[in-house]
Amino acid sequence: MSASVAEAIWLGLALYVGIGLVAGLGTVMFGLGRLTAADVPVRVRLLILPGLAALWPFVLARLAGLGAPEDRA
Amino acid sequence: MAAGYSLVGWNGFKRAYDGVMLAGLAVFFAAHLGAGWMSAPAGQQPSEIQMLIRASGAAAFSLLTIILCLGPLARLTPRALPLVYNRRHLGVACFLVALLHGGLVVLWYHGFSEMNAFVSLLVSNPRYDSFGGFPFESLGVAALLILFLMAATSHDFWNTVLGPRFWKGLHMGVYAAYGLLVAHVMLGAAQGEAGFAAAALAGVSALLVSGLHIAAGQREAARDRAAAAEAEGWLDAGPAQEIPDGRAVILTPPEGERIAVFREGAKIYAVANACRHQGGPLGEGRILDGCIVCPWHGYQYRPEDGCSPPPFTEKVATFRTRIREGRVLVHRLAQPPGTELAPTLIPEVVS
């Protein structure tokens with residue numbers, strides 16, 4: 001692997017994580033009510049932040065009303 | 001879902017589970033570091049950081065092996081079930097130990113590079129087109145990313161938000177992570193970065209995980225087949241070859257009277273177990289001169305139709321039989337007493 005490819009991977013990953021952190025923080029502060037009706041305490045919000053940052057495209061799609069889990073109770 | 005989430009739904013069992021896990025990790029680290037220090041030739045001991053890198057890598061791999069063994073173990077023996085209940089904490093611990101390993105590797109081997117440490121990690125070995133020389137570090141990075149994704153989505157919140165099916169599918173990625181880690185260790189050993197013992201242990205661990213999954217899968221498949229047959233009204237009387245020639249095994253259906261399943265050479269018959277005379281257990285008798293003989297008073301019945309030979313007129317019910325994968329199945333519905341049924345032939349004995 002050349003250094004340019006590796007740098008592109010690194011930048012892509014950093015960009016993805018950066019967007020994810022912003023989207024995750026926004027969701028944790030303002031959007032959780034649209035994902036679940038259950039009460040989510042602050043400590044749990046911090047715990048799920050990494051997941052929100054990692055799965056931000058999915059989370060944004062859900063916030064936009066797309067892709068509700070088909071087998072959710 | 002409950003009205004609200006909690007960080008961890010602690011109970012006594014979870015506390016004990018986590019306590020044992022942390023104690024086990026501490027003992028593992030101490031033993032690994034101590035053994036590594038003592039086994040190295042005098043004056044050639046690796047640095048503390050290098051020893052910690054090896055210990056954390058071995059600990060993460062061992063934890064993941066244990067995690068993957070728990071599922072099939074619980075299917076093989078219910079005694080292992082409690083170990084599965086708190087498996088998520090093991091998974092998160094595994095990720096944190098793996099993160100320690102990866103972080104130390106990046107800092108120690110690439111932290112002093114002029115380029116970005118992560119970029120340095122990816123380009124330090126450019127042999128991506130080689131099999132034996134493939135950069136094993138990249139496989140570790142990929143496995144770490146998968147472990148992160150699973151640890152980050154391990155809370156119940158994610159099970160609810162993603163839906164159980166999607167969540168389970170996502171967490172099946174653990175097998176991909178394990179495969180990547182086995183390759184990571186094997187290639188590392190091949191390239192002189194990990195010892196032969198580490199590669200051998202990784203191979204044995206992979207065999208153990210595979211073997212347990214195959215054994216559990218076979219057990220479940222047999223159960224599924226038996227359950228499917230039972231759902232259709234067929235009862236499992238066991239392997240055909242285990243019925244002694246001229247004798248019977250007695251089957252007890254969930255409801256209704258007992259059934260005597262006889263073998264005569266290659267032929268299998270099933271009749272009601274109770275003799276028409278005084279209810280003697282026909283299944284404890286034997287076939288003599290082509291007739292089932294009641295052990296109590298010698299009443300006789302033909303196995304094919306349950307009728308006593310002339311001039312006697314007693315009749316017992318008969319049952320349909322068949323053989324699947326060497327096992328005798330008997331249909332639980334009794335035929336009217338005296339109904340003639342062709343015997344089922346045991347293929348192995350016939351041939």
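Begin by selecting His155(B) in this predicted model. Apart from its neighbours within four places in sequence, His155(B) is in contact with residues of chain A, namely Val44(A), Leu47(A) and Ile48(A). From chain B, its contacts outside that stretch are Tyr5(B), Ser6(B), Leu7(B) and Arg88(B). Show these side chains together with the histidine.

Now colour the backbone around this position. His155(B) sits in the loop that runs between α6 (136-152) and α7 (156-162) of chain B. Is His155(B) buried or exposed? Its relative accessibility is 10%, which lies under the 20% cut-off, so His155(B) counts as buried.

**Chain A**

Next, select chain A, which supplies three of the names above. Chain A contains 3 helices and 0 strands, and from the N terminus on its elements follow the order α-α-α. Turn the chain to view its extent: the C-alpha trace spans about 50 × 30 × 15 Å along the principal axes. The radius of gyration of chain A is 15 Å, whereas a compact globule of 73 residues would have one near 11 Å.

Colour chain A by accessibility. Of its 73 residues, 34% count as buried. The chain exposes about 4,200 Å², and carbon and sulfur atoms supply 72% of that area. Among contacts in chain A with a separation of 6 or more, 62% involve residues 24 or more positions apart. Then mark the charged groups: the mean positions of the 5 positive and 4 negative charges of chain A are 11 Å apart.

**Chain B as a whole**

Select chain B and display it as a cartoon. Here there are 11 helices and 10 strands. The radius of gyration is 31 Å, well over the 20 Å that the globule rule gives for 351 residues, so chain B is more spread out than a compact globule. Its C-alpha atoms fill a box of roughly 105 × 55 × 40 Å along the principal axes.

With the accessibility colouring applied again, 41% of the 351 residues in chain B are buried. About 18,300 Å² of chain B is exposed, with 62% of it supplied by carbon and sulfur atoms. For the charges of chain B, the mean positions of the 26 positive and 25 negative ones are 4 Å apart.

**Strand β3 and its partners**

Zoom in on strand β3 of chain B, residues 259-264. This strand is mostly covered, with 5 of its 6 residues buried. Strand β2 (residues 248-251) pairs with β3(B) in the antiparallel sense over 4 bridges; look for Ala248(B), whose bridge partner in β3(B) is Phe262(B).

Which strand is joined to β3(B) by 6 bridges? That strand is β4 (residues 267-272) of chain B, and the two run antiparallel. Select Ile259(B) to find Ala272(B) of β4(B) opposite. Then move to the turn: the hairpin of β3(B) and β4(B) has 2 residues between the strands, and Gly265(B) takes a positive phi near 65 degrees there.

**The open sheet**

The last stop is also in chain B. Strands of a sheet pair through backbone hydrogen bonds, either parallel or antiparallel. In this part of chain B, 3 strands form an open sheet in the order β5-β6-β7, with antiparallel pairing. The edge strands are β5 (286-288) and β7 (300-301), each of which pairs on one side only. Select β6 (residues 291-293) with β5(B) to see a pairing over 3 bridges. Within this pair, Arg286(B) stands opposite Val293(B) of β6(B).

Methods. Residues are numbered from 1 along each chain as its sequence is written. Chains are lettered from A and ligands numbered from 1 in the order in which they are written. This is a predicted model: local features need pLDDT of at least 70, side-chain atom pairs count only at pLDDT 80 or more; totals for chains, interfaces and linings use all residues. Side-chain values use heavy atoms; hydrogens and water are left out. The radius of gyration is taken over C-alpha atoms; the globule rule is 2.2 Å times the number of residues to the power 0.38. Buried means under 20% relative accessible area, exposed over 50%, partly exposed in between (1.4 Å probe, protein chains only). Accessible areas come from the Shrake-Rupley method with a 1.4 Å probe; for residues, only the protein chains shown count as cover. Lys and Arg count as positive and Asp and Glu as negative; His and the chain ends are not counted. The place of a charge is taken as NZ of Lys, CZ of Arg, CG of Asp or CD of Glu. Contact means heavy atoms within 4.5 Å. Two strands pair if DSSP finds at least two bridges between them.
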